[in-house]
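This briefing covers a protein chain and its ligand. It is arranged by topic, for reading beside the structure.

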Amino acid sequence: MAVTTGVVLARTGSTYRVHTEGGERIAALRGKLKHQSGERVVAGDVVELELQADGAATICGVRPRRSVLARRAAGEGRPRPQPIAANVDQVVVVAAARDPAPNFRMIDRFLVIAEANGLPAVIVLNKIDLDRAALEAFQQRYSPAGYQSLATSVKVRDGLAALRDLLRGRATVLTGPSGVGKSSLVNALHPGLDLRIGEVTERWGTGKHTTRAAQLVPFVGGGYVVDTPGLQAAGTWGVDPDALGACFPEFRRFLDQCRFDNCRHLSEPQCAVRQAAEQGKVDPDRLVSYQRIYEEVSVPSWSSGRRRGR
Ligand SMILES: Nc1nc2c(ncn2[C@@H]2O[C@H](COP(=O)(O)OP(=O)(O)OP(=O)(O)O)[C@@H](O)[C@H]2O)c(=O)[nH]1
Ligand SMILES: [Mg+2]
Ligand SMILES: [Zn+2]
């Protein structure tokens, strides 16, 4: 029996596709690893593999992660962290100029998840062929926070060289709503790759959730890209309400100027963040996003409250 290491490309049902020096392997998870709480094996994990003579492979260990992108698991009950991808360097939040129309509230959530995980984020505005003018609103909203907005089009092949430069040599997770073109972008950068792409339904203007599971694509010239399923809603799991203000980088310089040290920037008097929004020094709509997410992360779910006997 031989032992080797590899990088998890994707989970397919109960098995994993693992990239090793000797090629791609399908591997099952060693029984005792299945029950370790919250430590699901995900794309990007570096794993130890036991290879049997008959070609069967078993994941017998998971190396410590240097970073993980996690979000709140969907569904009822107590919020749990759901890792999406491991060992990533940056998050690219993909939006579309049109079809589906940009949802800034949701983009802000993805950005908060990146900040809360300590990962730098860049915004890619895809489908720029459908509305060239859409970029300006993104730049206005996100430049003060230090986020770059990169316009791309898979259809007319625009901005793809800049995107390639951004991804080269790094481990990147692409996130964003369904139907914005995440898989199309990864395909466009990888001739020969054929990730499934979907239509955007005419009726709802939303994507069809074509990508079902996170999938890692090794990048020519180093690094890799993780394509993830689009979500209709991104839960901001585990963000400490007291740290939420700092997840909006353009708020940071005002945070220590509020009258109260523990200001939540909701309705407290002499709040420097709200004053900055009133004076147009921060985008008032970003403050609305902050306040919505604050409500979400500060209210324990009913079941977790009950659990603590409240
Ligand atoms: N006009 C235009 N259409 C695009 C562009 N990029 C992707 N599309 C179309 O948008 C639709 C959705 O693309 P996908 O790549 O499946 O989107 P996705 O973000 O991976 O969606 P999920 O996997 O559901 O999260 C497809 O019909 C693509 O052909 C673009 O730059 N311009
Ligand atoms: Mg997809
Ligand atoms: Zn305040």
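In helix α2, residues 134-142, the buried residues are F138, R141 and Y142. Viewed along the axis of α2, these buried residues fall within an arc of 80°, so they line one face of the helix. An α-helix has 3.6 residues a turn, so residues three or four places apart point the same way. The model is predicted.

**Helix α2 and its surroundings**
- E136 and Q140 are exposed, on the other side of α2.
- The buried residues of α2 pack against two helices, α1 (104-116) and α7 (284-298), and against β9 and β10 (149-151).
- Two of the buried α2 residues, F138 and Y142, are among the residues that I123 touches.

**The chain as a whole**
- The protein chain contains eight helices and 13 strands.
- It has 310 residues, of which 39% count as buried.
- Taking contacts between residues at least 6 apart in sequence, 64% join residues at least 24 apart.

**The largest nonpolar core**
- The largest nonpolar core has 78 residues, and the members that touch the most other members are V8, A85, V93, I123 and V226.
- Helix α1 supplies the largest share of this core, with seven residues.
- Leaving aside residues up to four places away in sequence, I123 touches V93, A95, F138, Y142, Y147, Q148, S149 and L150.

**I113 in helix α1**
- I113 lies in helix α1.
- I113 counts as buried because 27 other C-beta atoms lie within 10 Å, where 20 or more are required.
- Its C-alpha atom is separated by 7.8 Å from that of V239, although the two residues are 126 apart along the chain.

**Helix α4 and ligand 1**
- Helix α4 covers residues 182-189, and its buried residues are K182, S183, S184, L185 and V186.
- The cover over these buried residues includes the strands β8 (90-96), β9 (121-126), β11 (171-175), β12 (215-218) and β13 (224-227), together with helix α3 (160-167).
- Which element gives the most to the shell around ligand 1? It is α4, with three residues.
- Ligand 1 is surrounded by 25 residues, and the closest are G181, S184, I197, T211 and G230.
- S184 therefore appears twice, as a buried residue of α4 and as one of the closest residues to ligand 1, where buried means 20 or more other C-beta atoms within 10 Å.
- Sorted by class, the shell around ligand 1 has 13 polar, six nonpolar and six charged residues.

**Backbone features in loops**
- The peptide bond from D99 to P100 is cis, with omega near 0°.
- P100 is found in the loop between β8 and α1.
- N87 is not a glycine, yet its phi is positive, at about 60°.
- N87 lies in the loop between β7 (81-86) and β8.
- Q270 also has a positive phi, of about 50°, and is not a glycine.
- The loop that holds Q270 runs between α5 (252-255) and α6 (272-278).
- Are N87 and Q270 buried or exposed? N87 is buried, because 22 other C-beta atoms lie within 10 Å, whereas Q270 counts as exposed, with 11 C-beta neighbours inside 10 Å.
- The cut-offs behind this are 20 or more for buried and 12 or fewer for exposed.

Terms used:
Residues numbered from 1 in each chain as written. Chains lettered and ligands numbered in written order. Predicted model: local features only at pLDDT ≥ 70, side-chain atom pairs only at ≥ 80, totals over all residues. Helix = DSSP H or I, 4+ residues; strand = E, 2+ residues; numbered from the N terminus. Contact = placed C-beta atoms within 7 Å. Arc of directions from axis to C-beta. Near = placed C-beta within 6 Å. Nonpolar A, V, L, I, M, F, W, Y, C, P; charged D, E, K, R; others polar. Core = buried A, V, L, I, M, F, W, Y, C linked by C-beta atoms within 7 Å.
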